[in-house]
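Here is a short briefing on pockets and ring contacts. Look at the structure, then read on.

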Amino acid sequence: MSANYEAVTIGIVSVSDRASSGVYEDKGLPALKEWLGRALRNPIRFEERLIPDEKEHISATLIALVDAGCSLVLTTGGTGPALRDVTPEATLAVAHKEMPGFGEQMRQISLRFVPTAILSRQCAVIRDQSLILNLPGQPKAIAETLEGLKNADGSQAVAGIFAAVPYCIDLIGGPYLETNEAVCKAFRPKSAVRPAR
């Protein structure tokens, strides 16, 4: 299947003092890999990082992943209001453009489950030809925000943020991402859709 699709390098970053120091097992990186592996038809090379909640370290990691050719960088963790939660600040510090719609939609999805979703500060930015997205810390919330919510009959109730990711990456000059529609149907204007192979 993958021979027909453009290869993509994706950076995945789990930000956690305790997981990075071995106090407990990180669940963010496996959750990101599992979901992306199901959602994308493209062959993926992952650049994985497990790092502490330190602003300069996070910013430096994001810059390094963009410089290494990651068209998409996903972070998990460090987006709440706690004193050590600095992932959004570190992300905004490396931004060339802010993409506020992603954070707004993630909070809309999470608010369907918990009122404390308004405490989350996930953001999204573009740096060079890379889209950087801050995601929630819990595996269930990661999948919900990426994939969206479905009705009992399987139809889409609330769009997940990943539906907009492939076209965003098109617009910034990245590879053509193709999704498994059973997991997440990418939306592109008709003029931007390539013929099926």
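The points below cover the pockets first and the rings after them.

This is a predicted model, where local features need pLDDT of at least 70, side-chain atom pairs count only at pLDDT 80 or more, and totals for chains, interfaces and linings use all residues. Residues are numbered from 1 along each chain as its sequence is written, and side-chain values use heavy atoms, with hydrogens and water left out.

**Pockets**

- A pocket is an open set of points on a 1 Å grid over the protein atoms alone, where a 1.4 Å probe fits, with protein on both sides within 12 Å along at least five of seven lines; lining residues have an atom within 4 Å of a point.
- A volume is the space filled by probe spheres set on the points, which are joined across faces, edges and corners.
- The largest pocket holds about 860 Å³ of space.
- It is lined by 35 residues, and Gly77, Gly78, Pro136, Gly137 and Gln138 are the closest to its centre.
- The second largest pocket has about 340 Å³.
- Its lining has 14 residues, with Tyr176, Glu181, Ala186, Arg188 and Val193 closest to the centre.

**Rings**

- The whole structure has one aromatic pair (Phe, Tyr or six-membered Trp rings with centres within 6.5 Å).
- Trp35 and Phe162 form this pair, edge-to-face (planes over 60 degrees apart), with 5.1 Å centre to centre and 70° between the planes.
- Both Trp35 and Phe162 are buried (under 20% relative accessible area, 1.4 Å probe, protein chains only).
- The charged end of Arg188 sits over the ring of Tyr176 (CZ within 6 Å of the ring centre and within 35 degrees of the ring normal), 3.8 Å from its centre.

Key:
Rings of Phe, Tyr and Trp (its six-membered ring) pair if their centres lie within 6.5 Å; planes under 30 degrees apart count as stacked, over 60 as edge-to-face and the rest as tilted. Buried means under 20% relative accessible area, exposed over 50%, partly exposed in between (1.4 Å probe, protein chains only).
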